[in-house]
Amino acid sequence: QIIATANTRMKVFTKPATGVASTTPINTSTTTLSAVVNVDLNVFFTNAALGINSISDPHVRFDRLSGRWFVVAIEVNHGTGSNYCCVAVSNGPTITSSSSFSIFYFSVAGTGGASNDFFDYPTLGVDKNSLYIGGNMFANGQSFSGSNMWVVNKANLIAATPSLTVTSFQHGVNGREIYTPQGLHNVLKHVV
C-alpha cells in the first residue's frame, strides 16, 4: 500500500501489481488509483477530552521490521501554549479503514517542554527499537526557542495492548544547539 498525508487529509492506496515495471515514454502514468481509505485528519485524530480537532504537519512511515504504519502530526488548538503530538500506529501492514489504527497523544509540557512552547514542524524516523520525533519550539507560539526531540518505545506501541512511552530531550538553555532534528529511518535489524 501507499499512504499519502497532507495537513487535512490521509489517503491509502493499493499499489498496482503488474509483475514488471510499467512506464510510459515520458516516465509518468495517467492511471488514477482509487483510495482504500480517504479520511479527514481532523476527524481521524480528534479527541474531545483533550480539545484536539485541528491537525497539521503529518508524517507517515512504514516500518518493514514490525509491518506497521506510523503517522505523527501536531494539533494546533493549543497554539500559544503547550500543544500535543498525535501518534497513530496501524494494527498490521494492510490498512482497510481508519479503525486500522490505535491513536495516542502526548503533551509537550507533559513530557518536559515549557508550558508556553508551541511544537511545530514535527519529523519522524523509525528503527528497530523506537520512533524518533523532532520539532521546533516557539515560545508563546511566536519566537523560536530551540528544538526538542522525543523517543517513543516501539515495542510498547505494537504490543497486544498498545501503550505510549515517551522520553523527551528538550532544547538547551540558549535554544540554538540544533534546528529541526530529523529522525533516522533504519530498516536494518542490527547496525554493525
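Two residues are in contact when heavy atoms of theirs lie within 4.5 Å. In this predicted model, 53% of the contacts between residues at least 6 apart in sequence join residues at least 24 apart.

The chain has 192 residues, of which 41% count as buried. Its exposed area is about 10000 Å², and 53% of that area comes from carbon and sulfur atoms. The secondary structure consists of two helices and 11 strands. Along the sequence these follow the order β-β-β-α-β-β-β-β-β-β-β-α-β.

Strands of a sheet pair through backbone hydrogen bonds, in either a parallel or an antiparallel sense. Strand S6, residues 84-90, is joined to S7 by seven bridges, and the two run antiparallel. One residue pair can be located directly: Tyr84 has Ser107 in S7 as its bridge partner. Strand S7 spans residues 101-107 and is mostly covered, with five of its seven residues buried. Buried here means under 20% relative accessible area.

Further along is an open sheet of four strands, in the order S8-S9-S10-S11, with antiparallel pairing. Strand S8 (117-126) and strand S11 (166-169) are its edge strands, each pairing on one side only. From one strand to the next, the twist averages 25 degrees. Within this sheet, S8 pairs with strand S9, residues 130-139, through eight bridges in the antiparallel sense. Phe119 can serve as a landmark, since this residue stands opposite Met137 in S9. When following such strands by eye, recall that in a regular strand the side chains alternate between the two faces of the sheet.

How values were computed. Residues are numbered from 1 along each chain as its sequence is written. This is a predicted model: local features need pLDDT of at least 70, side-chain atom pairs count only at pLDDT 80 or more; totals for chains, interfaces and linings use all residues. Side-chain values use heavy atoms; hydrogens and water are left out. Buried means under 20% relative accessible area, exposed over 50%, partly exposed in between (1.4 Å probe, protein chains only). Two strands pair if DSSP finds at least two bridges between them. Axes are lines fitted to C-alpha atoms, for helices over the stretch in contact, and angles run from 0 to 180 degrees between N-to-C directions. Accessible areas come from the Shrake-Rupley method with a 1.4 Å probe; for residues, only the protein chains shown count as cover.
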